[in-house]
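The following questions and answers examine selected features of the structure shown below. Each answer closes on the value or name requested.

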Amino acid sequence: AASPRGRPAFLSVLSASALEQSPGEDAPTGRRDLLGLVGGSVLLSTLPRTSPAAAAAGKGTVLVVGGTGITGLAVERQLLEDGYIVRALTRRESFRNVYGKKNTASWDQITPRVRWDIGDLTAPETLAGKLKGIDKIVFTAGSQALDLKDPTLNRKIYADAIGTLASIARSEATSLSSFVLLSSTGVSGADASRDDPNDMLVCKAEGERLLRASGLPYSICRFSYYTGDEFDEDVPGDKGGIDITQGDPPERGSISLPNLALVVSKCLSDQRYNYKTFEAADLPEGSTKRKGRWEEDMKRLRD
């Protein structure tokens, strides 16, 4: 559903000392930064503590799967802004300089506030224990960042990994209240009998089926493709100009990453959005819908 773009550097800092911060009433969220060595590479693990405001709101802890991807970063930014405790799953043990030098200031504002857990979606044994203490899950992972020479990656990422996470969640995340899956438009027309069993849409359709069959509370948000990058401040069409539909209509337009992140956060905010499958796009140019109408449309979603 998305194509790779320029990516920011993870860290510009090569050394740090343990930092303890206890938030006062008006202080930012407290955190403890630990700079450790993992397999010979540097890993920054940040253990966030809840600010008084977040604790009062009872937002809970969200695991973003695919946390260092472009979509994952946009979602993390929105969730932090909305007061969630954010953990992120990534297969990388060393993040520094993974993405180049773009938007390092914005990147460094976000990543120290996230707790990073190492786990590989193609290696189920690495995922055990990663869902303990998790209240909500957002699945943003894609196969594009991996070795495209492996023809089975679409199935491993978009289908098998979702089944594995759902199985682990049933035993580890006993208080799970929401599992948001980002999927693609066109999935409902994917035919499992296609010549290529690893076709992306076929695999995403299987992932949707596995999540629905898991018994977990889920929301499935389909989109065509995204525009912008994870740190966009200027959103074409204005932030909040979102079109929500159901039925997987053809020729859906794009959605900006900040708008997509808004929809994800809305899904997490209320259990009324559980057991819903829908599509999200930016409002098309010339649309007569008012900008905030999408939240009303969300409330009218059918199971």
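Q: With which side chain does the side chain of R222 make a polar contact?
A: In this predicted model, R222 lies in strand β9, which comprises residues 218-223. Its contacts beyond four places in sequence include S183, R212, D248 and E208. At 2.8 Å, the polar contact of the R222 side chain is with the side chain of E208.

Q: Is R222 buried or exposed, and what is its relative accessible area?
A: A residue counts as buried under 20% relative accessible area. R222 falls in the buried class, with a relative accessible area of 7%.

Q: How many of the 13 residues of α6 are buried?
A: Helix α6 covers residues 257-269 and reaches 18 Å from its first C-alpha to its last, close to the 18 Å expected. Its buried residues run from L257 through P258, N259, L260, A261, L262, V263, V264, S265, K266 and C267 to L268. The helix is therefore largely enclosed by the rest of the structure, the number of buried residues being 12.

Q: Which element gives the largest share of the largest nonpolar core?
A: The largest nonpolar core has 36 residues, and L79, I244, V263, F278 and M298 are those with the most contacts inside it. The largest share of this core, 8 residues, comes from α6.

Q: How many residues has the other core, which includes V65 and L127?
A: This core lies apart from the largest one. I162 and I168 are also among its residues, and its size is 27 residues.

Definitions and conventions: Residues are numbered from 1 along each chain as its sequence is written. This is a predicted model: local features need pLDDT of at least 70, side-chain atom pairs count only at pLDDT 80 or more; totals for chains, interfaces and linings use all residues. Side-chain values use heavy atoms; hydrogens and water are left out. Helices (H or I, at least four residues) and strands (E, at least two) are DSSP runs, numbered from the N terminus. The expected span of a helix is 1.5 Å times one less than its number of residues. Buried means under 20% relative accessible area, exposed over 50%, partly exposed in between (1.4 Å probe, protein chains only). A polar contact is a pair of N or O atoms within 3.5 Å; within protein, one must be able to donate a hydrogen and the other to accept it, and residues adjacent in sequence count only if both atoms are side-chain atoms. Contact means heavy atoms within 4.5 Å. A nonpolar core is a set of buried Ala, Val, Leu, Ile, Met, Phe, Trp, Tyr and Cys residues joined through side-chain atoms within 4.5 Å.
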